[in-house]
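Student: I have a model open and want to work through it. Can we go step by step?

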Amino acid sequence: GRVVAFEAQRIVFQQLCANVFANRLDCVWANHQALGSVPGEAEIPSFDYAKTSNIGAFSLKPELQRRRGLEAGEDRSRPERVAVTTLDALELPGQVRLIKIDVEGMEAEVIRGGRRLLEDNGFPPLLFEAWGSDWYAAEKAALFAEIQAQAILDMQLRRLAALERQKIIDDHDELEAQILDFTDILAKPG
């Protein structure tokens with residue numbers, strides 16, 4: 001199997017690559033990119049990592065940073081730009097069997113950018129965190145609604161596809177019977 005990883009923060013990306021190399025994880029493909037709902041660019045603030053105890057907890061949402069007390073060491077005046085891609089834009093070999101999303105409050109955006117990939121791969125399991133805090137309740141509800149809407153749409157499309165397939169089989173059988181009848185009629189003399 002293959003693990004495809006994305007990390008938007010340059011220093012955390014470098015740490016990821018160092019861990020991949022140190023642990024000889026040849027099946028991991030690391031990308032210094034962010035994932036979102038549409039391709040583009042994102043600005044990642046600079047950090048004083050000596051003032052931040054959890055360097056992986058950064059969120060692109062300043063309000064989330066504030067609510068979680070993570071703005072210490074953050075410097076939004078010197079941002080680094082990073083490319084944003086979508087799950088749908090990826091050309092992944094084989095079947096996707098699991099998607100782990102750890103994007104600190106941006107989960108719904110990543111899912112919106114992966115509708116086709118999710119559908120094409122039969123909606124593989126999604127692992128993500130959704131905080132239980134009251135202040136996150138609305139975003140959490142929206143995230144679960146997004147996932148449920150995708151699952152319902154997929155279920156309806158599969159059901160319709162199965163019905164259409166059965167209709168084609170039935171039409172085929174009916175046409176074959178008619179062909180046999182016509183062949184029989186043509187074979188009989190006058």
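Student: Not counting residues up to four places away in sequence, which residues does G113 touch?

Tutor: This is a predicted model. G113 sits in the loop between helix 3 and helix 4 (115-120). Leaving out residues up to four places away in sequence, G113 touches G36, S37, T86, L87 and D88.

Student: Is G113 buried or exposed?

Tutor: Buried means under 20% relative accessible area. G113 has 3% relative accessibility, so G113 counts as buried.

Student: What distance separates the C-alpha atoms of G113 and A89?

Tutor: G113 and A89 are 24 residues apart along the chain. Their C-alpha atoms are separated by 8.4 Å.

Student: Zoom out. In what order do the elements of the chain run from the N terminus on?

Tutor: The chain holds five helices and seven strands. From the N terminus on, these elements run β-α-β-β-β-α-β-β-α-α-β-α.

Student: What share of the contacts in the chain with a separation of 6 or more comes from residues 24 or more positions apart?

Tutor: Start with burial: of the 190 residues in the chain, buried ones make up 28%. Now take the contacts with a separation of 6 or more. Residues 24 or more positions apart account for 73% of them.

Student: Which unit do strand 1, helix 1 and strand 2 make?

Tutor: Strand 1 covers residues 3-6 and strand 2 covers residues 28-31. The two strands pair in the parallel sense, over four bridges. Helix 1 (residues 10-22) joins them in the unit. Together the three elements make a right-handed β-α-β unit.

Student: Which residue in strand 2 does V4 stand opposite?

Tutor: Strand 1 and strand 2 are parallel partners. In strand 2, the residue opposite V4 is W29.

Student: Which residue between helix 1 and strand 2 has a positive phi of about 55 degrees?

Tutor: Look in the loop between helix 1 and strand 2. The residue there is exposed, because its relative accessibility is 55%. It is not a glycine, although phi is positive at about 55 degrees. The residue is R24.

Student: Where is F123, a residue other than glycine with phi near 50 degrees?

Tutor: Phi of F123 is a positive value. At 22% relative accessibility, F123 counts as partly exposed. F123 is found in the loop between helix 4 and strand 7.

Student: What is the strand order in the open sheet of three strands?

Tutor: The edge strands are strand 3 and strand 4, since each pairs on one side only. Pairing in the sheet is mixed. The order is 3-5-4.

Student: Which residue in strand 5 stands opposite A34?

Tutor: Strand 3 and strand 5 (residues 74-85) pair in the parallel sense over two bridges. Opposite A34 in strand 5 stands V84.

Student: Stay in that strand. Not counting residues up to four places away in sequence, which residues does T85 touch?

Tutor: T85 has its place in strand 5. T85 is buried, with a relative accessible area of 11%. Beyond four places in sequence, T85 touches F6, Q33, A34, L35, G36, P39 and L90.

Student: What volume does the largest pocket have?

Tutor: The value is approximate. The largest pocket has a volume of about 1300 Å³.

Student: Of the 47 residues that line the largest pocket, which are the closest to its centre?

Tutor: Elements that give two or more residues to the lining include strand 1, helix 1 and strand 6 (99-101). Strand 3 (34-35), strand 4 (40-47) and helix 3 (107-112) are also among them. The closest residues to the centre are V4, A5, F6, L35 and K100.

Student: How many residues in the lining of the largest pocket are charged?

Tutor: Sort the lining by class. There are 28 nonpolar and eleven polar residues. The charged residues number eight.

Student: Leaving aside neighbours within four places in sequence, which residues is E129 in contact with?

Tutor: E129 is found in the loop between strand 7 (126-128) and helix 5 (137-187). E129 counts as partly exposed, because its relative accessibility is 30%. The C-alpha atoms of E129 and E104 are separated by 8.0 Å. Beyond four places in sequence, E129 is in contact with I101, D102, E104 and E107.

Definitions and conventions: Residues are numbered from 1 along each chain as its sequence is written. This is a predicted model: local features need pLDDT of at least 70, side-chain atom pairs count only at pLDDT 80 or more; totals for chains, interfaces and linings use all residues. Side-chain values use heavy atoms; hydrogens and water are left out. A crossover is right-handed if, with the strands pointing away from the viewer, the path from the first strand over the helix to the second runs clockwise. On a 1 Å grid over the protein atoms alone, a cavity is a set of points where a 1.4 Å probe fits but cannot get out, and a pocket is an open set with protein on both sides within 12 Å along at least five of seven lines; lining residues have an atom within 4 Å of a point. Grid points are joined across faces, edges and corners, and a volume is the space filled by probe spheres set on the points. Ala, Val, Leu, Ile, Met, Phe, Trp, Tyr, Cys and Pro count as nonpolar, Asp, Glu, Lys and Arg as charged, and the others, Gly among them, as polar. Buried means under 20% relative accessible area, exposed over 50%, partly exposed in between (1.4 Å probe, protein chains only). Contact means heavy atoms within 4.5 Å.
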